[in-house]
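Thanks for coming, everyone. Please have a look at the model on the screen. I'll keep this short.

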Amino acid sequence: PDPEPLLETAPFAAVLRLAAPTTLVMAVSAVSNVVYTYFVSRLGVEAIGAVSLVFPVSLLAITAMGGGIGAGASSAVARALGAGRRNHAAAIAGQALVLSVAIGIVFGLVVQVVAPGLFRVMGADGPVLAHATLFARVLFGGAAITFLGGMFDSVMRGEGNVRVPAIWSTTSLVLQMGCTPLFMFGFGWGLTGAALAMLACQLVAIVPRARWVLGGRGHVRPVVLHG
């Protein structure tokens, strides 16, 4: 495939083409968050209190990963492609994917240790502290899944592809709206099920992303070692 058509598109049309899918994902995400909160609220005020403590930490982690490392990877891939250095872009993409998994694993392990102290400092105690700690340990225990999915999207965005990330991000969010009540109430897993539903849907959506990026369907086919 040739990345040049995007460069030949009129600036305003290019902005709309790149922004529209991401805007749609943000809208679906907002709806998904409301639905998620509704189901958690059925467990009681302590569950809502616990989740409200965890979500800011989650938002910070995802923003740091996606807006920091992910944006850096997108920029580096785009510049390498623009300079005609496709092999260099492939090496950047491969190392970025490995880095996202490594950071996710380390972050998940750190949360297992610091979660009780962190939420205690944030004002939690009693059942709310216990619920927040459990929810965070399960949710962030799968941080590598979240970060890897985000990095696949960053690689694709670096080559000018926002359509595929938008499709599978939206799919993950829609699946989450259906799976959350199933995991929480159908399987009887409660708040743990809420975290597992999110991770399970993200994992499902990683598979087609991986097939697209690693299967060579885009402009960049990541490699870990680059000579």
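I'll go through a pocket, a helix pair and one serine.

Keep in mind that this is a predicted model.

Pocket to begin with. Rolling a probe the size of a water molecule over the atoms shows where empty space is left. Here, the largest pocket has a volume of about 1,200 Å³. Its lining counts 44 residues, and S29, I62, T146, L173 and Q202 are the closest to the centre.

Which helix gives the largest share of that lining? It's α3, with 12 residues. At least two lining residues come from each of α2 (11–41), α3 (45–82), α5 (126–141), α6 (143–158), α7 (163–186) and α8 (190–214). What about chemistry? The lining of this largest pocket has 23 nonpolar residues, 18 polar ones and three charged ones.

Now two of those helices, α6 and α7. They pack at an angle of about 155 degrees. Their axes lie 8 Å apart. Angles over 145 degrees count as roughly antiparallel, so α6 is roughly antiparallel to α7. Which residues meet there? From α6, we have D153, M156 and R157. From α7, we have V164, P165 and S169. By class, the contact of α6 with α7 has three nonpolar residues, one polar and two charged.

Last stop, S32. This residue sits in helix α2. Is S32 buried or exposed? Its relative accessibility is 2%. Buried means under 20%, so S32 counts as buried. And what does S32 touch? Leaving out residues up to four places away in sequence, S32 touches L173, Q176 and M177. L173 came up earlier, among the residues closest to the centre of the largest pocket.

That's my tour.

Note on methods. Residues numbered from 1 in each chain as written. Predicted model: local features only at pLDDT ≥ 70, side-chain atom pairs only at ≥ 80, totals over all residues. Heavy atoms only, no water. 1 Å grid on protein atoms, 1.4 Å probe; cavity = no way out; pocket = protein on both sides within 12 Å on 5 of 7 lines; lining within 4 Å. Points joined across faces, edges and corners; volume = space filled by probe spheres on them. Helix = DSSP H or I, 4+ residues; strand = E, 2+ residues; numbered from the N terminus. Nonpolar A, V, L, I, M, F, W, Y, C, P; charged D, E, K, R; others polar. Axes fitted to C-alpha atoms, helices over the stretch in contact; angles between N-to-C directions. Parallel < 35°, antiparallel > 145°, perpendicular 65-115°, else oblique. Contact = heavy atoms within 4.5 Å. Buried < 20%, exposed > 50% of the residue type's maximum accessible area, 1.4 Å probe, protein only.
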